[in-house]
Amino acid sequence: MGQFIQFAMTRATMALITLLTVSLIVFTLMELVPGTCAERYLAFKNTQGSQISVADIEAEEKRLGLDRPFLVRWTSWVGNVFFKGEFGDSCILRLNINQLLADKFWISLGICLAALILSYLIAVPIGIVSATSTSAATNNTLRFISYLGLALPNFLLALIIMLASTVLFGDSLTGLFSKEFRDAAWSWPKFQDFLSRAWLPIFILGWSATAFALQTVRALMLDEVGKLYVTAASARGVTGSTLLWRYPARHALGPVINSLGFDLNRIFNELPIVALILTLTEAGSLLIEALARSNDQQLAGAIIFLLTASIVALNFVTDILLAILDPRVRRGLMG
Amino acid sequence: MSWFRRKKTEGVDQKAKEAYFTASQGQLIWARFSSNRSAMIALWALVIMVMMGLFAPFLSPYDPTIAGRDKDYENGAPQIPKFWDENGFSARPFIYATERERSIKTNFRWVVQENRDKRLYVQLFVEDWEYSFLDIKWDLPFGLPPLQVKTLTFDTHLFGVDGGKIHLFGTDASGKDIFGRTLHAIWTSLAVGTLGVFIAFVLALIIGGISGYYGGWIDSILQMITDAIRTVPPIPLFMALAAFMPDHWSSETRFFFISIILGFIGWPTLARRIRTHLLTERAQEYVLAAELCGASSSHIIRRHLLPSFTSYIIVDLMISFPYMVRSETALSFIGLGLKDPVNSLGALMQNVSQADVLLNYQWYFIPVLFFIALVLAFVFVGDGLRDAADPYSGTKK
């Protein structure tokens, strides 16, 4: 047990180091975006009619602490994030980022995780069938359908479904809540309403993630199916799906669990586009808003950092999960 | 007689065996690849599309920029050449002439109508706008005259019609020919992808190579950085980087910038593969032998280690290609990549996202079909290559 705790601690430290590196990269990038937070805010004020001078900008920079050296600013940013969970204020909206993001981030994460689960619910059985089936026709059809998820631009899929639902049900399915629940507090009916709409982004994100998951499952299964222990098991009389599930699948799925974090990464990539089409109001669309429309580096940095942090967290969880589930690792750690 | 025949088949067998054992790595991979039917179909589709992109100016009858617009046929439907109609049969395919009218009858809106009595015949090798296959213009610094190369200039196009214009895939809102735009877009998207893959490949080779060859603490530090970059979701990061692009940048500058971004973010996965492979290969005897002979590190990497996994690298590059093309389209679709006057698949797809288009101008979707075909072709070729390059895949069956 002591060894297991040590293993978990090492993993946690590594995750923390990765997060620190990421925060440095993200922070540097946000610094490189032309213009500072102070200039941006005052330029915004300028459009509202007030006259802004260079002295005003300098004063504002001083107030925001932008005149300090780069490393000091990074340390204070990271310190605030890690110890207080504070991301500061948005450059343009002048609102606390935590308040701005709170619900939206969790909704996005929930949608993405659901899409991840969906993609593996499809990919694992199809991947196993595709790796073991001898019929080229089944094999090619299954692969074609799943690759179509990759090739079909997800916005197109969203558009088609939206159009179909407008014609059939008279509701375009855009947004995450219907009108009456948009500003309501969380409750059971609101959650039901949310689910009745959230399936669309989950389905679209999940299908496009399936292609890659399927490729992984198929390749791993192909490696395992030909091995001697499988032949030995079938010689003992284990056949059919029992054989597959008890022997090669258990081996093949270990690395799959390990790669979950990177699959989540891929789903995050799709999120902004799907959010844009479905006019969702969660972190993905906020990110587009922050980056594309207003160059709000403080907000963008916070969102990218949060997305990365959830990937790192998932990687950590899968590492621990694998250590518990895989007897080889478990015996090595716990004796 | 039967004895004779048997002897002969044995001889053929022997020959096939000999050919198998003396074949080079490349020949073996090709033999396995070409027996995979879905991969071969995909390869043909890919070759055809690349060719279409390469010869886009020759194949497209009109200039895909605003200069070649057809102002009398905006948002026009595709015109498909016919061989016969109620007025009789014709050996040469034809389309109908169109007339644009605005009067009290049409409620004072411009309405385009086909004149079914006036046929426009399709002609081959028509002369129209001028294009060059090699057209480079660089503004050199220090007041030097700009470097300009313009050769291989032609003005012949594969087809066109007499006394009018033909739009196979219809036209867009400003009257630009969608057929021409699609062909040019394929080329642009492929070029962005290629440049991105190339940059990613060079970076991966250097970083993965150093990390895998030297090992030890250099490896640990480089791996830490690689892992950190690998966890950052690329598209949000692209968006952050794309926000750097000032609005006044020309389309060429944007194009290069996007490719560079794609390359700078695509390297970690490949670098990791190269590093893992190098770490295992480095411990082999042949490397030790070369070291004892006094070969330098760079010589060993170039002459001994790299050739040992060229096929893996090619497969990896092929697999990463559709993701690059997809990233370009995604970025352009959000409006942060290449913008509308440029013909990239992403920019063309951006036009599709309005409900108006979906209901009235369905031919805007034709470029999307090409995108789907392109990605599918790449994925199937990549899969086929992976199966073919795996030396154990043949023995399994």
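**Note on helix packing and the chain A–chain B contact**

1. In this predicted model, helix 5 (residues 178–214) of chain B packs with helix 14 (residues 366–389) of chain B at an angle of about 25°, their axes being 10 Å apart. Since angles under 35 degrees count as roughly parallel, helix 5 of chain B is therefore roughly parallel to helix 14 of chain B, and the crossing of the two is right-handed.

2. On the side of helix 5 of chain B, the residues of this contact are B:Ile178, B:Thr182, B:Ala185 and B:Ile186, which meet B:Ile366, B:Pro367, B:Phe370 and B:Leu374 in helix 14 of chain B. By character, these residues comprise 7 nonpolar, 1 polar and no charged.

3. Between the chains, 38 residues of chain A are in contact with 35 residues of chain B. At least two residues of the side of chain A that touches chain B come from each of helix 1 (2–32), helix 6 (136–151), helix 7 (154–169), helix 12 (260–277), helix 13 (283–293) and helix 14 (297–325) of chain A. That side of chain A divides into 30 nonpolar, 8 polar and no charged residues.

4. Within chain A, the axes of helix 12 and helix 14 come within 8 Å and cross at roughly 155°, which means that helix 12 of chain A is roughly antiparallel to helix 14 of chain A. The crossing of these two helices of chain A is right-handed. Helix 12 of chain A contributes A:Leu260, A:Gly261, A:Leu264, A:Asn265 and A:Phe268 to the contact, while helix 14 of chain A contributes A:Leu307, A:Ile311, A:Leu314, A:Asn315 and A:Thr318; the residues of this contact divide into 6 nonpolar, 4 polar and no charged.

Terms used. Residues numbered from 1 in each chain as written. Chains lettered and ligands numbered in written order. Predicted model: local features only at pLDDT ≥ 70, side-chain atom pairs only at ≥ 80, totals over all residues. Axes fitted to C-alpha atoms, helices over the stretch in contact; angles between N-to-C directions. Helix = DSSP H or I, 4+ residues; strand = E, 2+ residues; numbered from the N terminus. Parallel < 35°, antiparallel > 145°, perpendicular 65-115°, else oblique. Left-handed = near helix turned anticlockwise from the far one by under 90°. Contact = placed C-beta atoms within 7 Å. Nonpolar A, V, L, I, M, F, W, Y, C, P; charged D, E, K, R; others polar.
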